[in-house]
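Here are my notes on the model, point by point. Please read them with the structure open.

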Amino acid sequence: PAEVTEALTYTKLLPGSTGPQAIAYLGYKLGGWSGSAIAMAAFIFPSALLMVLLAGAYVATTALPAIGPTVNGLTAGVVGILLATTYRLGKPNIKDRLTWGIALVAFAVGAFVGISAALIVVAAGLLGTILLSPPGAAQDQKQKEARS
């Protein structure tokens with residue numbers, strides 16, 4: 001129990017998923033670098049194998065008349081869920097023409113230009129900082145820091 005608590009304490013500070021990091025850390029504590037590698041392989045291999053098998057089944061069966069429409073229906077359902085989630089996340093945050101404009105430009109660039117999503121998010125954040133910050137906010141902050 002103490003090792004698990006220690007692993008979670010260390011790995012929560014790191015970016016990324018805590019589970020695999022804790023497993024790698026515990027493997028390291030139990031068996032050094034090779035223990036860490038074996039623990040990670042045991043964690044990743046079953047999921048990777050399942051994904052390869054499912055991908056093979058997908059490729060082999062989507063051409064069948066009974067399966068192709070089913071996969072198309074599932075894909076449409078997933079797209080619908082993504083759109084609903086996007087709407088729920090965006091509704092409270094997109095309030096005016098400027099934020100709508102940023103959202104629409106980000107969508108267009110992502111959908112039609114093919115720029116990395118990470119770059120789009122960074123650019124939208126910078127644009128929001130520039131266009132949505134209250135006038136004089138930076139000056140007010142400098143004055144507060146000068147008084148401290």
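1. A term first. A residue is called buried under 20% relative accessible area, exposed over 50%, and partly exposed in between. Lys-29, with a relative accessible area of 44%, is therefore partly exposed. Keep in mind that this is a predicted model.

2. Where does Lys-29 find its salt-bridge partner? The partner is Glu-6, and the closest N and O atoms are 4.0 Å apart. Side chains of opposite charge can pair when their charged atoms come close. The structure holds one salt bridge. The pair links distant parts of the chain: Glu-6 sits in helix α1 and Lys-29 in helix α2, 23 residues apart. Glu-6 has 27% relative accessibility, so Glu-6 also falls in the partly exposed class.

3. Look next at helix α2, residues 18-61. How far apart are its end C-alpha atoms? They are only 36 Å apart, although the helix has 44 residues. A straight helix would reach 64 Å at 1.5 Å a residue. There is also a kink in α2 of about 140°, centred on Gly-31. Please inspect Gly-31 in the display, since the kink is centred there.

4. Which residues of α2 are buried? They are Gln-21, Ala-22, Ala-24, Tyr-25, Gly-27, Gly-35, Ser-36 and Met-40. Their cover includes α1, residues 2-11. Helix α1 also holds Glu-6, the salt-bridge partner of Lys-29 in α2.

5. Helix α4 runs over residues 97-113. Its 17 residues should span 24 Å at 1.5 Å a residue, and its end C-alpha atoms are 23 Å apart, so the two values agree. Set this beside α2, whose ends fall short of the straight-helix value. After α4 comes Gly-114, with a positive phi near 85°.

6. Ala-108 belongs to helix α4. With a relative accessible area of 30%, Ala-108 is partly exposed, because the class lies between 20% and 50%. Ala-108 and Thr-86 are 22 residues apart in sequence, and their C-alpha atoms are 15 Å apart in space.

7. Last, the surface. Which residues make the nonpolar patch of about 440 Å²? Leu-98, Leu-127, Ile-130, Leu-131 and Leu-132 do. Helix α5, residues 117-132, gives the most, with four residues. Ile-130 is placed in α5. Its relative accessible area is 66%, so Ile-130 counts as exposed.

Technical notes. Residues numbered from 1 in each chain as written. Predicted model: local features only at pLDDT ≥ 70, side-chain atom pairs only at ≥ 80, totals over all residues. Heavy atoms only, no water. Patch = residues over 30% accessible without salt bridge, like charges linked within 9 Å, V, L, I, M, F, W, Y side chains within 5 Å. Areas by Shrake-Rupley, 256 points an atom, 1.4 Å probe, with all protein chains shown as cover. Salt bridge = Lys/Arg side-chain N within 4 Å of Asp/Glu carboxyl O. Helix = DSSP H or I, 4+ residues; strand = E, 2+ residues; numbered from the N terminus. Buried < 20%, exposed > 50% of the residue type's maximum accessible area, 1.4 Å probe, protein only. Expected span 1.5 Å × (residues − 1). Bend = angle between axes of the 7 residues up to and from the residue. Contact = heavy atoms within 4.5 Å.
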